[in-house]
Number of protein chains: 2
Amino acid sequence: MSKKKKIIVQKFGGTSVATAEKIKKAAQRAIDEFKRGKQVVMVASARGKQTDELIADAMELNPNPPKREMDQLLSTGEQQTVSLVAMAIEAMGFKAISLTGAQVGMVTDSVHTKARIKSIDAGRIKKHLNAGNIVIVAGFQGIDENENITTLGRGGSDTSAVALAAALKADTCDIYTDVDGVYTTDPRIFKKAVKLEQISYDEVLEMASLGAGVLHGRSIEFGKKYDVTIHVRSSLSGKKGTLITHEVPKMEGILVSGATIEKKLAKVSMIGVSNKPGNAAKVFAHLAKAKVSVNDIIQTEVSKQKANISFTVSKNDFNDTKKAVEKIKGKVGCDNVFYRDDIAEVSIIGVGMRTHYGVANMMFSTLAKGKINIDSITTSEIRISCIVDKGQAEKALNSICKVFELDKPVNKRSYVK
Amino acid sequence: MSKKKKIIVQKFGGTSVATAEKIKKAAQRAIDEFKRGKQVVMVASARGKQTDELIADAMELNPNPPKREMDQLLSTGEQQTVSLVAMAIEAMGFKAISLTGAQVGMVTDSVHTKARIKSIDAGRIKKHLNAGNIVIVAGFQGIDENENITTLGRGGSDTSAVALAAALKADTCDIYTDVDGVYTTDPRIFKKAVKLEQISYDEVLEMASLGAGVLHGRSIEFGKKYDVTIHVRSSLSGKKGTLITHEVPKMEGILVSGATIEKKLAKVSMIGVSNKPGNAAKVFAHLAKAKVSVNDIIQTEVSKQKANISFTVSKNDFNDTKKAVEKIKGKVGCDNVFYRDDIAEVSIIGVGMRTHYGVANMMFSTLAKGKINIDSITTSEIRISCIVDKGQAEKALNSICKVFELDKPVNKRSYVK
């Protein structure tokens, strides 16, 4: 038997396969890895704006289309891409085969439009790989146990790719995209932001949930769970991007890996809520019923009788939130409610926080020096977030980036040992 | 148990589902039959010019795309249509479910781009019908035993529909199209052509092979084999169209059901071929190798040593034919070859010919009266075809139509008992 070849999974998003030229470039990247002696599995999304166009076609016929049929419709976008990529690879003289979610045995639950992967039949792909094929798999889609086509939700191709990498025990999962990696922060705001060479799953998860939009959150959870090295890199250049991996010892010295800013935020402060068991639960159950997704919650006891509850929501949900709160406030004995949508959240993220004291203080004193008022603070084990006035948010982010030296590669920061 | 409901299959071609408006109309036709108490299975093609667009996308990447990938690509067109139709039906307040070829268990052989149906899992569709759904099935496509997507060739949706009707023992298979039925002849040439109420499978098969382009030939073979009544009708009006059925006794009185004209024809006459066994086979094997499809063949013995072989081919194949004949003629001792592409074939078709004498004579004397020279004649049991000068072909068709009264409904013709 020949030596076992390494497997690589490459994922190309919609913009990276939008035209015939781009499809040829993606095909070439697969061929390059194949020539290096690897077995190559490519995962592709629908071309360009195609998913949006199909959604528009559907809405014209039914403003509230059945989700099963939506999945049946949208899954065609990826199916078209993978067959076209296979044709391109064949035209370049290499063997290729495209597979849909069903053909690859990507079994999911039956929650249409946001299904979760239950199992993958790695044997089917391996058979094609061992026959010398580059295998191109339709991202974003699967099939449930009754052969209904399902989709994994927007950005689900990332999850398909990482899940395949896990099932195939791939060496790495390359995510080709239109940025060249994960940055310390948003370069549109902090001009000197630098690309990170490496970052941990947990840090990216915190950044993703704070709106940095790096990768589909579930793909990172998959990577973490199954130990898949994810390489976020540019489809335009051949340069190394950012590796997303498990936490490695050297990361602990890096106090702060990145900083984020979230502007599409609104805040609700319910003052003097009756301090009875179950009142907070009542409020949030009511909001859940109104399909409002609540972010950070702060509850403080003001007296034995009264507590203040405040929380943030996405600005898109602000109107629904207000309606829901106005209905519930009387039932929980709330004295008064304040609404704010002139706020933003500035956060720092880093696994180093776990073992270093003083990070919070560095952040707060930096904001104080800049005369930036902190409305409220929430933290997790590896994150500190401050709500500030929206008008001061970019200034806040910039000053934090400077003090934590997010304009420098990790090994050149003064505080890193 | 409730009384067993009748099943109807309705097929809508690409032009009948090209826009949202047309999809809604098709949906309404399904709902109309459903309201009449029938179980409805709809078969749909890809919308409008979509298949052509996908082929163009493929050609841009690979001028000779692998057929498996072509099927993977093209099958998405029908999948989109059926999910959209299901959405439209749901929006109108009725239950619907769309199924791909794979989901419907339409198993074919593995001859990509022109696969043949091997079996259909009627149980799956019946389950959905019995749950009160209108079932919309993607036409044109199937799946082979290794889960590769296959297609049945252009026009294959007709075959899908009739095959489903056979598997479901449907009451009838309605083929909705942009003409309102099968005509006695081409109304663009014989203005007074009339729509036939009924015609036999064999007659339509002869007409289809003579270029009348009524229906996909294999769909009619299926209908004949499994005794499915096919109703060709207009998607624009609600009017009755033409029923294609087994031969019924009354058809025997109808001497001639229809007449056709085929202009895209060329003729080759090989004179003085050595009269040795195997020489004709040599010629046609050579043509087959050149991928030329030969129509009618006439071989006549001129002497013990020599024979003449003449045959017709599609005009599209004329150049390839000439090249092939020039190569082979020396090897079969052929004295001379004449090529003609200024000819056309005029034919009459009717199961009544089987039991009536004099039909051929009526045709030939009509042409003689019109001073139309007959180059050659071929016949089948239910067809007589004459090769004539192209310039005289339309005149020939008109005079034949008049004498066989193809401008009158069947029961008003003077020769019909």
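## A walk through the two-chain model

Start at the middle of the packing. The largest nonpolar core has 242 residues, and Val85(A) and Val85(B) are the ones with the most contacts inside it. Keep in mind as you click around that this is a predicted model.

**Stop 1: Val85(B).** Select Val85(B) and bring up what it touches. Leaving aside residues up to four places away in sequence, you'll find Val17(B), Ile23(B), Ala26(B), Ala27(B), Met42(B), Ala44(B), Ser98(B) and Ile136(B).

**Stop 2: the two chains together.** Now colour by chain. A turn of 180° with a shift of 0.1 Å along the axis lays chain A on chain B, with an RMSD of 0.1 Å. The two copies are therefore related as by a two-fold rotation axis. Want a marker for that axis? Pick Thr76(A): in chain A, its C-alpha is the nearest to the axis, at 2.7 Å.

**Stop 3: the contact between the chains.** Select the residues where the chains touch: 26 residues come from chain A and 26 residues from chain B. On the chain A side, helix 1 (20–35), helix 2 (50–61) and helix 3 (67–91) each supply at least two residues. Helix 3 of chain A gives the largest share, 13 residues. Colour that side of chain A by residue type and you get 13 nonpolar, 8 polar and 5 charged. Why can we say the copies meet through the same surface? Because 100% of the interface residues of chain A are also interface residues in chain B.

**Stop 4: helix 2 of chain B.** Select residues 50–61 of chain B. This helix has 12 residues and reaches 17 Å from its first C-alpha to its last, close to the 16 Å expected at 1.5 Å a residue. Show the side chains of Thr51(B), Leu54(B), Ala58(B) and Leu61(B), the buried residues of the helix. They cover an arc of only 80° around the axis, so they sit on the same side of helix 2 of chain B. That fits a general rule: an α-helix has 3.6 residues a turn, so residues three or four places apart point the same way. And what do the buried residues pack against? Helix 1 and helix 3 of chain A, together with helix 3 (67–91) of chain B. Swing round to the other side of helix 2 of chain B, where Asp52(B) and Ala56(B) are exposed.

**Stop 5: the loop with His112(A) and Thr113(A).** Hop over to chain A and find the loop between strand 4 (106–108) and strand 5 (117–120), which holds Thr113(A). His112(A) lies in this loop too. Take His112(A) to begin with: it is partly exposed, with 19 other C-beta atoms within 10 Å. Its contacts, not counting residues up to four places away in sequence, are Lys67(A), Arg68(A), Met70(A), Asp71(A) and Thr150(A). Try a distance label to Thr150(A): the two are 38 residues apart in sequence, yet 5.3 Å apart in space, C-alpha to C-alpha.

Then click Thr113(A). It isn't a glycine, but it has a positive phi of about 75°. Most residues other than glycine have a negative phi. Thr113(A) counts as partly exposed because it has 16 C-beta neighbours inside 10 Å.

**Stop 6: Lys169(B).** For the last pick, go to chain B and the loop between helix 5 (156–167) and strand 9 (172–177), where you'll find Lys169(B). Its phi is near 50°, a positive value in a residue other than glycine. Is Lys169(B) buried or exposed? Exposed, with 12 other C-beta atoms within 10 Å.

Key. Residues are numbered from 1 along each chain as its sequence is written. Chains are lettered from A and ligands numbered from 1 in the order in which they are written. This is a predicted model: local features need pLDDT of at least 70, side-chain atom pairs count only at pLDDT 80 or more; totals for chains, interfaces and linings use all residues. Two residues are in contact if their C-beta atoms, placed from the backbone, lie within 7 Å. Helices (H or I, at least four residues) and strands (E, at least two) are DSSP runs, numbered from the N terminus. Ala, Val, Leu, Ile, Met, Phe, Trp, Tyr, Cys and Pro count as nonpolar, Asp, Glu, Lys and Arg as charged, and the others, Gly among them, as polar. A nonpolar core is a set of buried Ala, Val, Leu, Ile, Met, Phe, Trp, Tyr and Cys residues joined through C-beta atoms within 7 Å. A residue is buried if 20 or more other C-beta atoms lie within 10 Å of its own, exposed if 12 or fewer, and partly exposed in between; C-beta atoms are placed from the backbone. The expected span of a helix is 1.5 Å times one less than its number of residues. The arc is that of the directions from the helix axis to the C-beta atoms. Copies are superposed by least squares on the C-alpha atoms of residues with pLDDT of at least 70 in both.
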